[in-house]
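Reader: Hello! Please take me on a close look at a single part, the surroundings of the ligand, and then follow the chain outward from there.

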Amino acid sequence: MAKLAINGADPVRTQGWPTWPVHDKREVELITEVTESGIWSYDGPKEWEFGKRFAQFSGAEYGLCVSNGTVAIQLALEALDIGSGDEVIVPGLTWQATAAAVIDVCAVPILVDVEPESHTIDPKAVEAAITPNTKAILPVHLYGCMADMDSILDIAKKHNLAVIEDSAHSHGSQWNGKGAGALGDVGCFSMQQTKVMTSGEGGANLTDREDLFLRIYSLRNCGRLYRDTEGQHVQSGNYRITEFQAAILLAQLERLEAQTLLRDRNAQLINAGLAEIDGITPIIRRPQVNRQAYYCFVFRYDRDQFDGVSVKAFRQALMAEIMAGVDAVYEPLNNCVLYQPHTKRRYHWSEEYWKAIDPRRFDLPVCTKAYVEESVLLQHQTLMGTEEDSKDIVRAVEKIRENVEELKSIETDESEPSSTWASTGFAEEE
Ligand SMILES: Cc1ncc(COP(=O)(O)O)c(C=O)c1O
């Protein structure tokens, strides 16, 4: 008789998971204030209040709202005067926007591998990739793990490089008491629908440097100077957000700390359980981290310890047990459907540049292994339940482990992409 839910047996749980985004009358109240005030955009009071509060929350001097996370990276690069021919070191395992923003400022993304235990940028690979053209390192705090910021800041200092933190997954993480996005020169956040603080679309930059604050202000506002400051106007466009988005963000920020602590507690509880299961390895938690945000919850699966059963079969079995979306990490950028620099003629401004931005010239074995063979990813909503809900995830993995023989019968198409979103019907994460 079948034991696994995927073969028709009872699943570990049938009840649903918390939904996202979380909202209540506070969002409605603040949106109503904006509607009635008649100030709907353009340096309005809600936008400034959010920028200030989010900076305070993260331990940065300055915070600025921008239209989305991609733009936040683009403006950070432009504020640091990074452009034509400059190289920026980017992890190969990230959402395409991290590298796409680099080519949008005419610089070259140098894709490097990640550490197997964290899936974040490998400092050794960063050091090996530095050339006289390198201008910045762009670490990503991926899913539920901060990049090794001590090593990255040391390398940057030694080679006189800027550090731009892609913190799109890490609102609320803290490294030695300081917030993600406030450790390097500029931090970049996304507030797109699936992120842990959201206004549907939106973004923000954090910085401690007044010069960068003033420059990002201008860059996001068609080159205008900040208030009554003097200086050189810069060429730019409109990357502002509306007061409606800022109103929602203010309400979301009021809940962020409690939600981050809840996800962190549940993630630690699940990791402790998973660590006891043969063939399963949790993503590391670095000792410098006092608080870890989770955009997604990821763990590693070892096929060899599951009698050769593919991670795809394991993911499908887990999905059936817990009734939630289960996926792989991002497609590595050297072979990613949504990162195709050679499809845009705008980037063909020299043969040399065209060759330099070819993602296929980079070798990313750890990223590839994570994507193809070993990653198991759950959305952050699955960390927002009770302790018992979290234990269900451990119970489900234990149950599959105990029924490896039956797991072998699950047929998967190994020629299909590793990602299973298409078959789950759950919203795709960016
Ligand atoms: C790691 C990472 N960087 C950057 C972005 C870009 O943010 P946005 O979608 O708001 O432009 C995202 C998410 O979408 C992301 O996951």
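Author: Happy to; we start at the ligand, move to the elements around it, and end with some details farther out.

A word on the source: this is a predicted model, so local features need pLDDT of at least 70 and side-chain atom pairs count only at pLDDT 80 or more, while totals for chains, interfaces and linings use all residues. Residues are numbered from 1 along each chain as its sequence is written, and side-chain values use heavy atoms, leaving out hydrogens and water.

Around the ligand there are 17 residues, of which Thr-70, Asp-166, His-169, Ser-190 and Lys-195 come nearest (a residue is near if one of its heavy atoms lies within 4 Å of the molecule). Three of these nearest residues make polar contacts with the ligand (a polar contact is a pair of N or O atoms within 3.5 Å; within protein, one must be able to donate a hydrogen and the other to accept it, and residues adjacent in sequence count only if both atoms are side-chain atoms). Thr-70 has a polar side-chain atom 2.5 Å from a ligand oxygen, and for Ser-190 the distance from such an atom to a ligand oxygen is 2.7 Å. Asp-166 instead pairs with a nitrogen atom of the ligand, at 2.7 Å from an N or O atom of its side chain. The ligand exposes 380 Å² when taken alone, and the protein buries 97% of that (areas come from the Shrake-Rupley method with a 1.4 Å probe; for residues, only the protein chains shown count as cover).

By class, the shell is made of nine polar, five nonpolar and three charged residues. Here Ala, Val, Leu, Ile, Met, Phe, Trp, Tyr, Cys and Pro count as nonpolar, Asp, Glu, Lys and Arg as charged, and the others, Gly among them, as polar. At least two shell residues come from each of helices H3 and H4 (97-104) (helices, H or I with at least four residues, and strands, E with at least two, are DSSP runs numbered from the N terminus).

Let's follow those two helices. H4 is mostly covered, with seven of its eight residues buried (buried means under 20% relative accessible area, exposed over 50%, partly exposed in between, with a 1.4 Å probe and protein chains only). Ala-97, Thr-98, Ala-99, Ala-100, Ala-101, Val-102 and Ile-103 are the buried ones. Their cover includes H3, strands E2 (87-91), E3 (108-112) and E5 (162-166), and helix H10 (351-356). Just after H4, Cys-106 has a positive phi of about 70°.

H3 (residues 69-79) leads us into the largest nonpolar core, where it gives the largest share, seven residues. That core has 84 residues, and Leu-77, Val-88 and Tyr-143 have the most contacts inside it (a nonpolar core is a set of buried Ala, Val, Leu, Ile, Met, Phe, Trp, Tyr and Cys residues joined through side-chain atoms within 4.5 Å). Beyond its neighbours within four places in sequence, Leu-77 is in contact with Ile-82, Val-88, Ala-101, Val-102, Val-105 and Ile-164 (contact means heavy atoms within 4.5 Å). Ala-101 and Val-102 in that list are also among the buried residues of H4. In soluble globular proteins, nonpolar side chains tend to be buried together. A second, separate core of 33 residues includes Ala-267, Phe-306, Ala-396 and Val-404.

Farther out, helix H8 (residues 243-274) holds Gln-252, and Glu-254 lies in H8 as well. Gln-252 counts as buried because its relative accessibility is 5%, whereas Glu-254, at 44%, counts as partly exposed. The side chain of Gln-252 makes a polar contact of 3.0 Å with that of Glu-27, and Glu-254 pairs with Arg-26 at 3.0 Å, again between side chains. Leaving out residues up to four places away in sequence, Gln-252 touches Trp-20, Val-22, Glu-27, Met-197 and Thr-198, while Glu-254 touches Arg-26 and Arg-53.

Trp-20 brings up one last detail: its peptide bond to Pro-21 is cis, with omega near 0°. Pro-21 sits in the segment before helix H1 (25-37). Asn-160, in the loop between helix H6 (149-159) and E5, has a positive phi of about 55° although it is not a glycine. Most residues other than glycine have a negative phi, and most peptide bonds are trans. Asn-160 counts as exposed because its relative accessible area is 70%.
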